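Here are some short exercises to work through with the model open in your viewer. Try each task before you read its solution.

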Amino acid sequence: MELKRQHGIHGSNINNMKMRNNMNKYIYWAGLILLVISLSSAKAFAQISKDKDSPTSIEVANKRALWMNSNNPAGIYLDRLNNYNSLDFLYNMTNGNYKVREEGESETLLGFRTEGVVNLNKFVAWGSFKYDNSTVKRSLYNTSMPIRDRFMPYYVADPRESEWKNQEYALHMKVATAPVWNRLHFGVDAKYRVNTSAKQIDPRSTVYLYNINLKPGVVLDLNSHKLGLNLTYDNLRQRVSYSNSDNQANQDVYVLRGLGNSSTAVIGGLQSLGTFLYTGNIVGASIQYGYKRDCFSILFDAGYNYRVEDVITSPTKPKKIGSIRENSYFGSLSIIREANYLQSVKLSFLKRDSDGIEYVQKIDNTFENQKWVDIYSSVRSNFVYDKISFTYDLYKKDKGRDYIWKSGLLVSYSKEDDIFYLPKSTQMIENLYFGVNGGVNFLLDKNRFNLALKFIYKENLDGDYKYNGAEPTSALITDFMMYDHEILTRSYYNPGLALTYFIDSRSISKGGYYFKLSTDYIKPTEGSGDRLFTSLGFGLTF
């Protein structure tokens with residue numbers, strides 16, 4: 001079965017005309033944002049206290065910190081970051097039906113964030129902590145993957161609307177030493193994350209995820225030139241247990257294998273689907289070259305990661321569901337030029353190539369050692385993702401740590417090209433993004449008001465989904481796979497607005513407290529539906 005996307009570029013005059021009309025609207029909104037910024041900047045404040053940290057001054061500091069934004073933590077000593085601390089409380093709301101099935105039509109999140117930098121004689125350290133408590137309502141076809149921040153085609157789905165309760169704890173730190181033998185900096189980047197989730201409607205599931213990531217690194221300082229090397233190790237464990245509140249009614253589910261290919265299973269009864277256990281590891285390395293002279297800095301950062309993740313069911317008598325073998329290639333070139341203006345340019349790329357491996361197994365009924373034994377394994381699917389991005393940001397600095405106004409541009413291209421070999425099924429999605437953003441700081445007595453605007457336009461260039469499996473009319477294909485593909489191949493507009501009011505507190509010597517409101521709105525250029533993201537926040541800098 002084949003689904004042709006209904007809009008995009010296929011060489012026809014009609015679609016070319018639609019693209020030109022969409023581009024004209026994009027240019028109109030981009031110009032309007034830049035006009036508002038340029039007119040407002042004349043009334044923006046010219047100076048703040050040099051010793052006060054605000055959300056926007058921290059933004060400027062992080063923008064110029066090239067090594068902080070790289071894969072090598074040893075270089076953060078070279079960024080010369082000032083000490084700061086921030087504390088944030090936020091409440092996020094998401095509503096709207098322009099979404100893939102797995103997402104909730106309504107989502108709320110209560111979160112807490114803190115981060116800071118401290119400089120000591122022998123080293124510099126940065127750290128952060130995050131806690132999120134979220135509720136997702138009216139989610140479909142998602143029985144085992146509430147947190148979808150990694151690629152994984154092997155999971156369980158069911159067609160019943162449900163609610164999820166999620167919690168996440170995340171610790172992150174980077175530490176770098178002062179020069180050793182006047183030339184070498186050593187550092188480590190460590191992340192630790194725990195997620196717990198519970199599905200609220202039968203078939204129910206309880207999900208526990210643990211993830212740790214380590215990046216040790218070294219930088220050789222040759223005055224203007226810097227050479228860096230870091231290694232990467234990542235370990236992940238995810239355990240999914242299934243159950244029913246109503247023990248009298250078994251629930252049918254799909255065990256997905258990629259692009260709509262699946263097998264059926266049941267939760268409940270003697271043949272109930274067992275616990276799923278995901279075990280993943282990543283190893284990799286990155287190299288860096290940096291150059292700094294006067295007001296000009298450059299950093300090239302490129303690397304390779306190899307990921308292996310296995311999925312088994314019933315850990316006491318493990319049976320393999322599938323495995324992922326993934327090669328990732330990534331890199332970026334960042335340039336900073338700083339005088340009266342801070343200019344930042346970044347070009348980055350990512351290529352991810354994932355093989356889906358499946359197994360033929362039989363049960364070994366030996367009395368003392370009953371277990372599933374591999375007879376044959378093969379690559380049954382391949383998933384390729386490519387992304388190239390370009391950003392340019394311009395800040396008009398004041399005489400302290402903050403900016404008077406800022407503006408920025410974004411261009412990004414992405415393509416997914418997936419295949420399930422037998423029976424042959426394919427999916428391709430190709431998108432292009434254009435964005436413009438800007439912000440202005442205003443002085444209100446000793447307090448500060450920041451207005452930030454953005455506008456992103458997504459143009460879907462092409463898209464196609466073909467399913468040739470055994471069940472082309474099943475709900476899994478018609479209501480899930482085809483629906484998600486149609487959503488992902490729509491073009492859309494995404495305007496956004498953020499307002500921050502910072503109060504210069506006398507009781508906080510290096511900072512103050514602030515209130516923040518931000519909103520993002522997504523509206524497809526064709527078809528119905530929309531999506532609204534709103535965030536309310538309160539925070540401190542100290």
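**Exercise 1. A salt bridge and its setting**

In this predicted model, find how far apart the closest N and O atoms of Glu-161 and Arg-138 are, and state where the two residues lie.

Solution. Step one is the distance: the closest N and O atoms of Glu-161 and Arg-138 are 3.3 Å apart. The cut-off is 4 Å, and the pair forms a salt bridge. Step two is the location: Glu-161 sits in the loop between strand S5 (156-157) and strand S6 (162-177), while Arg-138 belongs to strand S4 (residues 123-139). The partners are 23 residues apart, and the pair links distant parts of the chain. Step three is accessibility. Glu-161 has a relative accessible area of 39%, so it is partly exposed. Arg-138 is partly exposed too, at 40%.

**Exercise 2. A salt bridge across a longer stretch of sequence**

Decide whether Glu-309 is buried or exposed, and do likewise for Arg-150, buried or exposed.

Solution. Start with the contact: Glu-309 and Arg-150 form a salt bridge, with their closest N and O atoms 2.9 Å apart. Glu-309 is in strand S13 (residues 296-313) and Arg-150 in the loop between S4 and S5, 159 residues apart. Buried means under 20% relative accessible area. Glu-309 has 2%, so it is buried. Arg-150 has 19%, so it is buried as well.

**Exercise 3. From one pair to a network**

Find the N to O distance between Lys-165 and Glu-163, then list the residues that shared salt-bridge partners join into one network.

Solution. The side chains of Lys-165 and Glu-163 meet at 3.4 Å, N to O, in a salt bridge. Both residues are partly exposed: Lys-165 at 38% and Glu-163 at 23%. As for the network, salt bridges with shared partners connect Arg-150, Arg-307, Glu-309, Glu-326 and Arg-352. The whole structure holds 34 salt bridges.

**Exercise 4. Classifying ring pairs**

Count the aromatic pairs, then classify the geometry of Tyr-141 with Phe-480 and of Tyr-395 with Tyr-403.

Solution. The count is 18 aromatic pairs. For Tyr-141 and Phe-480, the ring centres are 4.8 Å apart and the planes meet at 5 degrees, so this pair is stacked. Tyr-141 lies in the loop between S4 and S5 and Phe-480 in helix H3 (residues 475-488), so the pair ties together parts 339 residues apart in sequence. Tyr-141 is buried, with a relative accessible area of 1%, and Phe-480 is buried at 1%. For Tyr-395 and Tyr-403, the centres are 5.4 Å apart and the planes are at 65 degrees, so the pair is edge-to-face. Tyr-395 is buried at 3%, and Tyr-403 is buried at 0%. Ring pairs also link Phe-89, Phe-112 and Phe-129 into a cluster.

**Exercise 5. Charges over rings**

Which ring does Arg-101 lie over, and which ring does the charged end of Lys-319 sit over?

Solution. Arg-101 lies over the face of Tyr-483, 3.7 Å from the ring centre. The charged end of Lys-319 sits over the ring of Trp-372, at 4.3 Å from its centre.

**Exercise 6. The surroundings of a glycine**

Place Gly-228 in its strand and name residues that it touches.

Solution. Gly-228 is in strand S9 (residues 225-243). Its relative accessibility is 10%, so Gly-228 counts as buried. Leaving out residues up to four places away in sequence, Gly-228 touches Asn-72, Val-218, Val-219, Ser-286, Ile-287 and Gln-288.

Key. Residues numbered from 1 in each chain as written. Predicted model: local features only at pLDDT ≥ 70, side-chain atom pairs only at ≥ 80, totals over all residues. Heavy atoms only, no water. Helix = DSSP H or I, 4+ residues; strand = E, 2+ residues; numbered from the N terminus. Buried < 20%, exposed > 50% of the residue type's maximum accessible area, 1.4 Å probe, protein only. Contact = heavy atoms within 4.5 Å. Phe/Tyr/Trp six-rings, centres within 6.5 Å; stacked < 30°, edge-to-face > 60°. Lys NZ or Arg CZ within 6 Å of the ring centre and 35° of its normal.
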